[in-house]
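Q: I'm new to reading structures and would like a close look at a single part of this one. Could you walk me through a place where helices from two chains meet, and then show me what lies around it?

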2 protein chains.
Amino acid sequence: MILLSFASEETTSTDTIEWSAMKNESTTDRNLTWHHHGVERKDREKLLGHRGATVWFTGLSGSGKSTVADYLSEMLQERGALTAILDGDNVRQGLNKDLGFSPADRTENIRRISEVAKLFTSFGVINLLAFISPYREDRDYGRSIQGEDDFIEVYVEVPLDVAEERDPKGLYKKARSGEIPSFTGISAPYEEPLTPELVLRTDLSTPEECAAKVIEILEQKGVLTV
Amino acid sequence: MILLSFASEETTSTDTIEWSAMKNESTTDRNLTWHHHGVERKDREKLLGHRGATVWFTGLSGSGKSTVADYLSEMLQERGALTAILDGDNVRQGLNKDLGFSPADRTENIRRISEVAKLFTSFGVINLLAFISPYREDRDYGRSIQGEDDFIEVYVEVPLDVAEERDPKGLYKKARSGEIPSFTGISAPYEEPLTPELVLRTDLSTPEECAAKVIEILEQKGVLTV
């Protein structure tokens, strides 16, 4: 019980009541007053003209996750939709710079990303995640904390040899030589999604075609049609 | 060197190049092509009609941080601006649920919040942070990772006895009785800001007046006038 009280110190929900009202109204009235004050998710979505949602791209290094996310972001921007892209560039150097690539750190990496994605969704932003995210359980956690229509898992699938041939950063070469000891697809596991909302074959379609398929899903889910 | 290569596995910046172009163009051309593709911060800000920025409310429990943030959010929403509120409710239960209230955990709590705030700013969202955030060094870290015009520190100041009299959750009473062992202002330090952008006295002004003062700062900083 003490722990609960303790943990609530910085949890400020009831701290948000209008203070001038605190002496004049009953607790019930205060809560009622409060609920009429806040800006809610639906208000922000009305402002933006679309719903918040997470599009989670998963797949091997070199599969094209970020490329599709970038094309998608551009196409959505042209439609007037607000996107946020979360990827290694802006997460591994900031929020998760204390984490490495051990299984436990990979799981914590994805846990935090899942929570940040949920925040973006809650404020109406269409957030696009481009992470290898090799563990099924970790991705499922990301899904479990959001609403059913708020989460779209996109498996960016290419045969390993195609990804390895692309090898845009020479990482596969280093993984094969042993210079990188734990590399997804070579020396670390990748668990394919069992029931993703969408599978993209980036070796058979252009980035534009792939992004267009995601937009179709966003339309079907009602994300783009508030 | 190996660590650097290793850490870059999930850093996918060069992974974002259009793959169909990878065999046809020189590295220089590819980079150039890439830079013309992405949606940038200024594009999103143009879409939203305002700049991204962090408004960081700091102060004692019961000082009124969340109340002012909520009024501000409502006033900005009415002006058509997109806000996000980060507070104990949506951070301590999610992203930072693994953290307690030791000095080290408080610092990590604020470090992660700082990084998430930076992300929201980078996508054009006016993000409002309502956390006690008692340590000067932690708040300064939050400032240091953002642009000078992107960070507005607001000290929500009330005399301790006023905050304690409000005591909306009965936490001060528990702190005085020793039930909560480490409570800011009673048994844990609060370091006042030395040069905040704004000081609000919530015992002398209404929430609306306080929020209006923040809007003045946002106008002065050019956040609301893209």
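A: Sure, let's start where α5(A) passes α6(B), in a crossing that is right-handed. Keep in mind that this is a predicted model. The residues that make the contact are Asn90(A), Gly94(A) and Leu95(A) on the α5(A) side, and Arg112(B), Glu115(B), Val116(B), Lys118(B) and Leu119(B) on the α6(B) side. Sort them by class and you get three nonpolar, two polar and three charged residues.

How do the two helices lie against each other? Helix α5 of chain A covers residues 88–95 and helix α6 of chain B covers residues 103–122; they pack at an angle of about 155 degrees, and their axes are 10 Å apart. An angle over 145 degrees counts as roughly antiparallel, and α5(A) and α6(B) are therefore roughly antiparallel to each other.

Now look at α6(A) and α5(B). Their axes come within 10 Å and cross at roughly 155 degrees, so α6(A) and α5(B) are roughly antiparallel to each other. The crossing of α6(A) past α5(B) is right-handed. Here the contact is made by Arg112(A), Glu115(A), Val116(A), Lys118(A) and Leu119(A) of α6(A), together with Asn90(B), Gly94(B) and Leu95(B) of α5(B). By class, that contact has three nonpolar, two polar and three charged residues.

Next, stay in chain B and find Leu82(B), which sits in the loop between α4 and β2, where β2 is residues 83–87. Is Leu82(B) buried or exposed? Count the other C-beta atoms within 10 Å and you get 27, so Leu82(B) is buried; the cut-off for that is 20 or more. Leaving out residues up to four places away in sequence, Leu82(B) touches Arg44(A), Leu47(A) and Leu48(A) from chain A, plus Leu48(B), Val125(B) and Ile126(B) from chain B. For a sense of distance, Leu82(B) and Gln220(B) are 138 residues apart in sequence, and their C-alpha atoms are 18 Å apart in space.

What about α4(B) itself? With 14 residues (65–78) at 1.5 Å a residue, helix α4 of chain B should span 20 Å, and its end C-alpha atoms are indeed 20 Å apart, so the two agree. Ten of those 14 residues are buried, so α4(B) is largely enclosed by the rest of the structure. Among the buried ones are Lys65(B), Val68(B), Asp70(B), Tyr71(B) and Leu76(B). After α4(B) comes Gly80(B), whose phi is positive, near 85 degrees.

Positive phi turns up in other loops of chain B too, so let's compare two. Ser133(B) isn't a glycine, yet its phi is positive, near 40 degrees. You'll find Ser133(B) in the loop between β3 (126–130) and α7 (136–144) of chain B. With 26 other C-beta atoms within 10 Å, Ser133(B) is buried. Asp167(B), another residue other than glycine, has a positive phi near 30 degrees. Asp167(B) belongs to the loop between α8 (160–166) and α9 (171–177) of chain B. Asp167(B) has 17 other C-beta atoms within 10 Å, so it is partly exposed.

Finally, zoom out to chain A, which has ten helices and five strands. Buried residues make up 46% of its 226 residues. If you take the contacts in chain A between residues at least 6 apart in sequence, 75% of them join residues at least 24 apart.

Methods: Residues numbered from 1 in each chain as written. Chains lettered and ligands numbered in written order. Predicted model: local features only at pLDDT ≥ 70, side-chain atom pairs only at ≥ 80, totals over all residues. Helix = DSSP H or I, 4+ residues; strand = E, 2+ residues; numbered from the N terminus. Expected span 1.5 Å × (residues − 1). Buried ≥ 20, exposed ≤ 12 C-beta atoms within 10 Å, placed from the backbone. Axes fitted to C-alpha atoms, helices over the stretch in contact; angles between N-to-C directions. Parallel < 35°, antiparallel > 145°, perpendicular 65-115°, else oblique. Left-handed = near helix turned anticlockwise from the far one by under 90°. Contact = placed C-beta atoms within 7 Å. Nonpolar A, V, L, I, M, F, W, Y, C, P; charged D, E, K, R; others polar.
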